[in-house]
Amino acid sequence: MKTSIGGRAVQYVIAYLFMLVALYPIALMIASSFKTNMEIFANPLSLPSSFHFETYQKLWEAVPFADFLWNSIFVSGMSVLMITVFSAMAAFYLARFSFKWTAALYFFFLLGLMIPIKLGIVPLFILMKNLGLLNSLWSLILIYTASGIPIAVFILTGFFRTLPVELEEAARIDGCSNFQVFWRVLLPLIRPALATVVIINFIHAWNDFFFPLIFIQKETLKTIPVGMMVLFGEYETDWSLLFAGLTLSALPMIGVFLLASRQFMEGLTAGAVK
C-alpha cells in the first residue's frame, strides 16, 4: 500500500518532533556548560550569551576528571573487546556444530540472562579479594565481561544460524579451516549483530555505578559515574561545572552510538522481513 503525500508529511513531522524531544535535553546540557551560574539561573532555557571555556578548565583542576575519563574508556573498551571476541567464538560453535552437549551449553549461557549478577555481590567481593583485584580496574572488566557474554551469545547465535550453510561449505571446499571460516567468511556478515552487542555492553559498562562503588576505593581509579557523584557532592551549587562534567562524560557514549548506529539499526530489524 502506497502512502499518500499528506500521510508521509505527517510521518516526517512526528519523526522530527520525537527527534527534537530527544535532542533538546542534550543540547540544553551542552549549552548550560558554557554559561555562568548567574546566567543559568536567570535564563535556564536560553543559549549562552558568550561561551565560557573557563568552566572546563576549572573542571580538570577541581577533580581528577582525566583519570575518571581514562578509567571509564579503558574499562568499557576492554570489556566490550573481550565480550565481542569470546561471545562470537562461542556463538559460532553453538550455531555451526552439533554435539550432544550443545543444547545444554547454550542453556548454560541463557542462565546468565535469568540470574542477576548483583545477587552474587558478596561471593564476587570475596573472589576479587582472594585474587588481589580489589582497587583494580580488572575487577570491573572481568565482571562486565562475565555479565555481558550471555546476552551477546544469545544475539550472535541467532545471527549465525540465519547465515546460509552454503557459504561455509564453499569456504571449506576452498581449503578454509574452522577459524578461517569464522574469521573471514561469517564474522564480516554479522556486523549488525556485533554493533548491537558493542553498543549494549558499552553503555552498560560506561554507566554502571554499582560495581565501581563497591570494588574501587582509590580516587584515581574511579570511573565517571562514581567521579560525578564526588563532583555533585563537592560542587552542588556550581551548576556550570556540573553541566561541563556531564557533557564530557556523555560525549564518548554519543560518539560510539553515532559510529555504530547504522549497523545497530540493521541489527534490530534483521530477520523482520524474509
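Select Tyr-93 first: in this predicted model the residue is partly exposed, with a relative accessible area of 26%. Add Phe-97, which is likewise partly exposed, at a relative accessible area of 23%, and look at how the two rings sit against each other. A pair of aromatic rings is described by the distance of the centres and the angle of the planes. Tyr-93 and Phe-97 form a stacked pair, with 5.7 Å from centre to centre and 25 degrees between the planes.

Now widen the selection to Phe-92, Phe-99, Trp-101, Phe-160, Phe-179, Phe-182 and Trp-183, which ring pairs link into a cluster together with Tyr-93 and Phe-97. Across the model the count comes to 19 aromatic pairs.

From the cluster, keep Phe-160 selected and move to the largest nonpolar core, a set of 27 residues in which Leu-156, Phe-160 and Ile-190 touch the most other members. To see where this core comes from, colour helix H4 (65-96), helix H5 (102-114), helix H7 (137-162), helix H9 (178-186) and helix H10 (191-207), each of which supplies at least two of its residues. Then centre on Ile-190 and show its surroundings: leaving aside its neighbours within four places in sequence, Ile-190 is in contact with Leu-156, Phe-159, Phe-160 and Leu-163.

Next, select Arg-161 and Tyr-106, where the arginine lies over the face of the tyrosine ring, at 5.1 Å from the ring centre.

Go on to Asn-135, in the loop between helix H6 (121-130) and H7. This residue is partly exposed, with a relative accessible area of 24%, and its phi is near 60 degrees, a positive value in a residue other than glycine. Most residues other than glycine have a negative phi.

With the details in place, select the spans that an unreviewed UniProt entry lists as "transmembrane region", among them residues 68-93 and 181-203. Residues 68-93 are 100% helix and 0% strand, and the C-alpha atoms at the ends lie 38 Å apart. For residues 181-203 the figures are 83% helix and 0% strand, with 30 Å between the end C-alpha atoms.

Finally, zoom out to the whole protein, which has 13 helices and zero strands and a C-alpha trace that spans about 70 × 65 × 35 Å along its principal axes. Of its 274 residues, 39% count as buried. If you switch on a surface, the accessible area comes to about 16000 Å², and 72% of it belongs to carbon and sulfur atoms. Among contacts with a separation of 6 or more, 72% are accounted for by residues 24 or more positions apart.

Definitions and conventions: Residues numbered from 1 in each chain as written. Predicted model: local features only at pLDDT ≥ 70, side-chain atom pairs only at ≥ 80, totals over all residues. Heavy atoms only, no water. Core = buried A, V, L, I, M, F, W, Y, C linked by side-chain atoms within 4.5 Å. Buried < 20%, exposed > 50% of the residue type's maximum accessible area, 1.4 Å probe, protein only. Helix = DSSP H or I, 4+ residues; strand = E, 2+ residues; numbered from the N terminus. Contact = heavy atoms within 4.5 Å. UniProt positions renumbered as here; feature names shortened; annotations may be inferred. Phe/Tyr/Trp six-rings, centres within 6.5 Å; stacked < 30°, edge-to-face > 60°. Lys NZ or Arg CZ within 6 Å of the ring centre and 35° of its normal. Areas by Shrake-Rupley, 256 points an atom, 1.4 Å probe, with all protein chains shown as cover.
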